[in-house]
Amino acid sequence: MLDLWVAQWKRREARRHVRLVRFADDFLLLCEARDDAQKMLAALPERLAKFGLSLHEGKTRLVEFGRFAAANRQRRGEKRPETFDFLGFTHHCGVSRNGRFMVKRKTQRKRLIRKLKELRLEMKKRRHDTIRAQSRWLGAVLRGHYAYFGITGNAASIARFHLQLTRGWLWVLRRRGQRPRLPWDRFRATLARVPLPAPRIVHNWRSSANAVG
């Protein structure tokens with residue numbers, strides 16, 4: 001429904017380039033011209049209403065973004081370009097090492113905090129499993145996290161996830177039964193025996209086209 005309408009709207013109404021990026025019911029509409037963005041945002045609720053759908057008020061907004069956004073906003077005396085969240089990432093305007101514009105992404109803060117809380121609860125449930133079994137499970141969690149969030153520019157966020165998960169494991173192990181407090185040196189020896197996967201970038205996009213027009 002949305003894909004077909006956007007394709008028709010582009011042909012009939014758009015002055016400049018328009019692109020739809022969608023995953024299930026989460027989507028971005030990228031418009032090269034501000035007028036196109038404003039017109040599309042005004043027309044979209046009526047289109048969705050025909051199918052009994054509506055826009056999420058908390059997630060729907062018009063954002064000036066792209067390689068000219070910072071300069072345009074500075075010229076108007078406005079603050080730096082806004083960020084936006086999509087599919088677990090916070091997207092913001094940045095520059096590459098050679099000074100060219102690129103879209104930068106980092107793990108969405110709320111998503112990261114929520115996931116760590118969930119994992120700490122799960123670790124407490126598994127605290128009486130063997131150390132090796134806990135390590136295997138944590139390793140699978142970390143590899144899955146890196147496979148999704150391990151993209152260029154997000155190294156700091158995945159390293160933070162690894163650190164917080166490791167600290168959470170230590171916290172849980174220190175509360176197994178009535179055993180004395182687990183010293184850091186002893187825990188470090190455990191990590192050497194059953195290491196957790198180190199943070200790594202799985203998707204390196206530095207050489208791909210990250211810029212938007």
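Q: A salt bridge is a side-chain nitrogen of Lys or Arg within 4 Å of a carboxyl oxygen of Asp or Glu. Which side chain of opposite charge is nearest to Arg47?
A: First, some housekeeping: this is a predicted model, where local features need pLDDT (the predictor's confidence in each residue, from 0 to 100) of at least 70, side-chain atom pairs count only at 80 or more, and totals for chains, interfaces and linings use all residues. Residues are numbered from 1 along each chain as its sequence is written, and side-chain values use heavy atoms, without hydrogens and water. Arg47 is buried (under 20% relative accessible area; over 50% is exposed and anything between is partly exposed, with a 1.4 Å probe and protein chains only) and has no salt bridge. With Lys and Arg counted as positive, Asp and Glu as negative, and His and chain ends not counted, the nearest opposite charge is 9.0 Å away, on Asp3.

Q: Which residues does Arg47 touch, not counting those up to four places away in sequence?
A: Arg47 sits in helix α2, residues 34–49; helices are DSSP runs of H or I with at least four residues, strands are E runs of at least two, and both are numbered from the N terminus. Taking contact as heavy atoms within 4.5 Å, its partners beyond those places are Met1 and Trp5.

Q: Is Arg80 buried or exposed?
A: Arg80 lies in the loop between α3 and β3 (84–86). Its C-alpha atom is 9.9 Å from that of Phe65, 15 residues apart along the chain. Because its relative accessibility is 75%, Arg80 counts as exposed.

Q: Which helix gives the largest share of the largest nonpolar core?
A: A nonpolar core is a set of buried Ala, Val, Leu, Ile, Met, Phe, Trp, Tyr and Cys residues joined through side-chain atoms within 4.5 Å. The largest has 24 residues, with Phe161 and Trp169 among those having the most contacts inside it. Helices α4 (109–125), α5, α6 (155–173) and α7 (184–193) each supply at least two residues. The largest share, seven residues, comes from α6.

Q: How many residues make up the second, separate core?
A: Nonpolar side chains tend to be buried together in soluble globular proteins. Here a second core includes Trp5, Met40, Leu44 and Leu48, and its residues number eight.

Q: In which helix is confidence highest?
A: The protein averages a pLDDT of 90, and 94% of the residues score at least 70. Over residues 207–213, though, pLDDT stays under 50. Confidence is lowest in helix α3 (residues 69–75), at a mean of 85, while the highest, 97, belongs to residues 131–149, helix α5.
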